[in-house]
Amino acid sequence: MATSTTASIADPLGNTLYTLSETSTKPSTGALDTTSGVIHAVEIDNTANSSVVYLHIWDLAAGSVVIGTTDEDFTFMAPAASRITYACPEGAAYGTALSAALVSAPGGSVGPSATVTVYILVET
């Protein structure tokens, strides 16, 4: 299985928690949101890997992204064998759509060697 995405929680305030899970060394782009919004928090569970992983996020529709070629709008790093949370207290706005992929090197196109799960809290 490559990348799977789900909108797992929605609340009356307009917040949605997206889940992205990468289980392949050939990553694919997960299309998370097709409208504009604001990222409030990102959590990366990289506990199953013995190497660093990077979450790349694009303000583009998934079909517009070529992993390893298209410049990402946001990059978050997760150290080896760890779980890390990034908070964006004032929010990180995106205007078009939200697409994401997990890779093993910044700007790279190879996915992690073991399953990595990401949670992205957005306001749409």
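Start by selecting Ser-82, which sits in the loop that links strand 6 and strand 7. Keep in mind as you click around that this is a predicted model. Is Ser-82 buried or exposed? Its relative accessible area is 16%, and since the cut-off for buried is under 20%, Ser-82 counts as buried. Now show its side chain: it reaches the backbone oxygen of Pro-79 at 2.7 Å. Leaving out neighbours within four places in sequence, Ser-82 is in contact with Ile-44, Asp-45, Asn-46 and Thr-47.

**Next stop: the rings on either side of that loop**

Select Phe-76 and Tyr-86. The structure holds 1 aromatic pair, and here you have its two rings, with centres 5.1 Å apart and planes at 50°, so the pair is tilted. Phe-76 belongs to strand 6 and Tyr-86 to strand 7, so the pair ties together parts 10 residues apart in sequence. Colour the two by accessibility: Phe-76 is buried, with a relative accessible area of 11%, whereas Tyr-86 is partly exposed at 25%.

**Then the open sheet**

Stay with strand 6 and bring in its sheet. In what order do the strands of this open sheet run? The 4 strands go 3-8-5-6, with antiparallel pairing. Strand 3 (30–33) and strand 6 are the edges, each pairing on one side only. On average, neighbouring strands here are turned by 25° against each other, direction ignored. Zoom in on strands 5 and 6, which run antiparallel and are joined by 5 bridges. For a marker on that seam, pick Tyr-54, whose bridge partner in strand 6 is Met-77.

**Into the main core**

Pick Ile-57 next. Setting aside neighbours within four places in sequence, Ile-57 is in contact with Ile-39, Glu-72, Asp-73, Phe-74, Phe-76, Leu-98, Ser-99, Ala-100 and Ile-120. Now widen the selection: the largest nonpolar core has 22 residues. Which of its residues have the most contacts inside it? They are Ile-39, Val-42, Ile-44, Leu-55, Ile-57, Val-118 and Ile-120. Two or more core residues come from each of strand 2, strand 4 (37–45), strand 5 (53–58), strand 6 (74–78), strand 7 (83–94), strand 8 (98–103) and strand 9. Strand 9 gives the largest share, 4 residues. Apart from this core lies another one, of 6 residues, including Tyr-54, Trp-58, Ala-101 and Val-103. As a rule, nonpolar side chains in soluble globular proteins tend to be buried together.

**Around Val-103**

From that other core, select Val-103, which is in strand 8. Val-103 is buried, with a relative accessible area of 0%. Not counting residues up to four places away in sequence, Val-103 touches Pro-27, Val-53, Tyr-54, His-56, Ile-67, Gly-108, Ser-109, Val-110 and Gly-111. Draw a C-alpha to C-alpha distance from Val-103 to Ile-67: the two are 8.7 Å apart in space and 36 residues apart in sequence.

**Last stop: strands 2 and 9**

Finish with strand 2 (residues 15–22), which is mostly covered, as 7 of its 8 residues are buried. Add strand 9 (residues 116–123), and you can follow 8 bridges between strand 2 and strand 9, in the antiparallel sense. To get your bearings on this pairing, label Ser-21, which stands opposite Thr-117 in strand 9.

Terms used: Residues numbered from 1 in each chain as written. Predicted model: local features only at pLDDT ≥ 70, side-chain atom pairs only at ≥ 80, totals over all residues. Heavy atoms only, no water. Buried < 20%, exposed > 50% of the residue type's maximum accessible area, 1.4 Å probe, protein only. Pairing = 2+ DSSP bridges. Core = buried A, V, L, I, M, F, W, Y, C linked by side-chain atoms within 4.5 Å. Contact = heavy atoms within 4.5 Å. Phe/Tyr/Trp six-rings, centres within 6.5 Å; stacked < 30°, edge-to-face > 60°. Polar contact = N/O pair within 3.5 Å; in protein donor to acceptor, adjacent residues only side chain to side chain. Axes fitted to C-alpha atoms, helices over the stretch in contact; angles between N-to-C directions.
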